[in-house]
Amino acid sequence: MPVLPQSLLNRLPVLSPGSRSLRRHLLAWLLLPQLVLWLAAAVITHHVAARYADRAIDHGLYLSSRALARQVKPVDSGLLIDFPRAARDIIESDPDDRVYYMVSSPPGEFILGNHKLTPPADIEALVPERPSFYDARIDTADGEVTVRVAAIVLNYGEPGRGQRMMVQVAKSRVSREALARDLLVDTALPLSLLVLAMSALVWAGVRTGLAPLARLREAVSGRGPDDLAPIELESAPEEVRDLAAAVNTLLAAVRDSVAAQQRFIGDAAHQLRTPLAGLKAQTELALKETTDPALQARLRRVHESATRSAHLINQLMTLARAEPESVAQIGRSRFDLRRLVQELTAELVPRALAEGADLGMDEPEGESDTAGEEPPALAIDGNALLIREAIANLIDNAIRYAGRHAEITVRVREDSARRRALVEVDDTGPGIPEALHGAIFERFFRGTQEGRGCGLGLAIVREIVERHHGRVQVARLHPHGTRMSVSLPLPGAMPQERGT
């Protein structure tokens, strides 16, 4: 079989893997050669069947020509023909596969027969008593047909005055084609079944061989972003084990990098928190002891800067705790989201009053069974400390930017249709332009220069919520105001896609 050059193989889209499925690539390389071999076997089988059919037909024609020759007997210098009508009827009985015969004396003197047959190409070269076989075409009432002819030459007459007699028997190719077709079917059908069985075995073998890759894919795709544990495969081929080992090495490197980053953030925040606390205490003491208005103004600015720096450090610590590895270390539990938000809102009321805002919690209608009773618990699975931090940042963001005399309403409700728990924080402030709705959740982005924020509050909210398979959204309220909503899955619900 000729070998295709590599440049040509690379151009074949079916045989080149590229971005195609590895299973399809293997099946193509294993099944296509089987198909080629099957076609080659079919062609060879057809030629073999035709050759054996010719042999069978030729043998029959030879016997018929010998039998016909025995009916013509030399007598002295003449011929005695003993060919009764019954014998002719037997020879000519099959209308679908007619037999033609002719007895002649070369070079072509007709003696006996039902049709004139074409003589062989070289009559003089024929050896007496030895048959010669060839194909010829004759004219019949149904048109020109192709026949297989057997010719045999016999010598007769007195010595020195010998003569030659040629007996020809011809038969149409109907029986020959039928026999060749039957041989082909009887041979090709088992071969086809064998090819199908082999293809099924190849498909099963490829599927079994690629099963460890499927298990590796499931082991990786079924993990959450906070799961960096090594991949363990009970049994797998050497190549898959090597791939899993390489992935485990990468996971270990990522795990060490994340741990180092968290340690750095924690150490830096811890080292900065103590001097900032001392700075705030000293400025507060100095403000109480001095009466100089100019000095008091400078001290208040220092105190405000120290307060903002401390707030930034606390936010960085919260952001570090919201990373996947930290969430896994802190752990999750089931808690009542409604009670958590109620307690948090009550704690933040004094701060809202100090900023001139009206903070309250609204219970949607239908959440309690009996008037005056506590609404039912709304249980979710997650880290209560981080969820509390996220909701606190939403309320804090509203207090900071809604402005004085703004009304801030916190609402907790259950979306039974989607199996979600919703926390909504509405305010009647100036609102956030829709063009900034996506950017406000980026780290260190501030939509306004007013307020004392550091641009991390909403980024922390999104990070924590997404680590809990939830979603945070922002929307404008009419005629003015903003709604921040957090959607978290209820126990047993499918996680929601990431996004804002």
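In this predicted model, the charged end of Arg 55 sits over the ring of Tyr 52, at 5.2 Å from the ring centre. A search for aromatic pairs, run over the whole structure, returns 0.

Helix α2 covers residues 22–70 and packs on a sheet. Four strands of that sheet are touched by the helix: β3, β5, β6 and β7. The direction of α2 makes about 50 degrees with that of β6, which spans residues 143–156.

The sheet is open and holds 5 strands. Their order is β4-β3-β7-β6-β5, with antiparallel pairing. Strands β4 (109–113) and β5 (132–140) occupy the edges. Each has a single partner strand, so one side of each lacks a neighbour in the sheet. On average, neighbouring strands are turned by 30 degrees against each other, direction ignored. Strands of a sheet pair through backbone hydrogen bonds, in either a parallel or an antiparallel manner.

Two pairings can be described in detail. Strand β3 (residues 99–105) and strand β7 (residues 163–172) run antiparallel and are joined by 6 bridges. Within this pairing, Ser 104 stands opposite Met 166 of β7. Strands β5 and β6 also run antiparallel, and 9 bridges join them. Here Asp 139 stands opposite Glu 144 of β6. The connection from β5 to β6 is a hairpin, made through 2 residues. In a regular strand, side chains alternate between the two faces of the sheet.

The loop between β4 and β5 contains Glu 129. Phi of Glu 129 is near 70 degrees, a positive value in a residue other than glycine. Glu 129 has a relative accessible area of 42% and is therefore partly exposed. A second such case is His 469, with phi near 60 degrees, again a positive value in a residue other than glycine. His 469 lies in the loop between α10 (457–467) and β13. With 33% relative accessibility, His 469 too counts as partly exposed.

Strand β13 (471–476) is followed by another loop of interest, the one between β13 and β14 (482–489), where Pro 479 is found. The peptide bond that joins His 478 and Pro 479 is cis, with omega about 5 degrees.

Another histidine, His 303, lies in helix α6, which covers residues 293–321. The relative accessible area of His 303 is 19%, so this residue is buried; the cut-off for burial is under 20%. Neighbours within four places in sequence aside, His 303 is in contact with Lys 280, Thr 283 and Glu 284.

At the level of the whole chain, the model has 10 helices and 14 strands. The chain has 500 residues, of which 35% count as buried. Its exposed area is about 29,500 Å², and carbon and sulfur atoms supply 56% of that area. Among contacts between residues at least 6 apart in sequence, 64% join residues at least 24 apart.

Definitions and conventions:
Residues numbered from 1 in each chain as written. Predicted model: local features only at pLDDT ≥ 70, side-chain atom pairs only at ≥ 80, totals over all residues. Heavy atoms only, no water. Buried < 20%, exposed > 50% of the residue type's maximum accessible area, 1.4 Å probe, protein only. Contact = heavy atoms within 4.5 Å. Areas by Shrake-Rupley, 256 points an atom, 1.4 Å probe, with all protein chains shown as cover. Pairing = 2+ DSSP bridges. Axes fitted to C-alpha atoms, helices over the stretch in contact; angles between N-to-C directions. Phe/Tyr/Trp six-rings, centres within 6.5 Å; stacked < 30°, edge-to-face > 60°. Lys NZ or Arg CZ within 6 Å of the ring centre and 35° of its normal.
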